[in-house]
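Please read the following briefing alongside the sequence and the coordinates. It takes up strand pairing and then nonpolar packing.

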Amino acid sequence: MATLSSVACAPLPSLWSASWEDVWYKFTATASDHAIAARAPSGTRMVIYSGQPGSFTSIGTMQFTGSDNNLVLNSLTAGNIYYIRVGSLAPTEFKLAVLADAPLNDDCATADTIRMSNSIACENNTMVSNRIL
């Protein structure tokens, strides 16, 4: 459930102005790594905080580009509550999901290998099955 912020729970993030409207969400970490998948209009911004209202620490930020975006959070503490703040200059619609684990291939060092094929028939298991954030 979203909550419209009417009090100063945290200082304004950089590049935000006092005229921005924002909503807050929270989630409880179940592992050390989580991914936040989101889609929002260009210019919308998101900040992830650890801590408690009044003494937050920013642990991740994102400025949306108008397409699908993802933010991988590492080194979280399972059982701790983390807060998500989404803001925009005007009311806007967006989609947001917190994924239980970050994908294993979220950087080039752990990239999946795809076997080549001569057709689109996907013979020899050449199709990759994975979630794209």
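**Strand pairing and cores**

Strand 3 and strand 8 run antiparallel and are joined by five bridges, where strands are DSSP runs (E, at least two residues) numbered from the N terminus and two strands pair if DSSP finds at least two bridges between them. This is a predicted model, in which local features need pLDDT of at least 70 and side-chain atom pairs count only at pLDDT 80 or more, while totals for chains, interfaces and linings use all residues. Residues are numbered from 1 along each chain as its sequence is written, and side-chain values use heavy atoms, with hydrogens and water left out.

**Sheet**

- Arg-39 stands opposite Lys-95 in strand 8.
- Strand 3 also pairs with strand 6, in the antiparallel sense and over six bridges, and here His-34 has Leu-73 of strand 6 as its bridge partner.
- The three strands form an open sheet of order 6-3-8 with antiparallel pairing.
- Strand 6 and strand 8 (95–99) stand at the edges with a single partner strand each, so one side of each is left without a neighbour in the sheet.

**Nonpolar packing**

- The largest nonpolar core (buried Ala, Val, Leu, Ile, Met, Phe, Trp, Tyr and Cys residues joined through side-chain atoms within 4.5 Å; buried means under 20% relative accessible area with a 1.4 Å probe, protein chains only) has 16 residues, of which Phe-27, Ile-36, Met-46, Ile-48, Leu-73 and Ile-84 touch the most other members.
- Strand 7 (81–88) is among the elements that give this core two or more residues, and its three residues are the largest share.
- Phe-27 has contacts (heavy atoms within 4.5 Å) that include His-34, Ile-36 and Leu-73, not counting residues up to four places away in sequence.

Methods: Buried means under 20% relative accessible area, exposed over 50%, partly exposed in between (1.4 Å probe, protein chains only). Helices (H or I, at least four residues) and strands (E, at least two) are DSSP runs, numbered from the N terminus.
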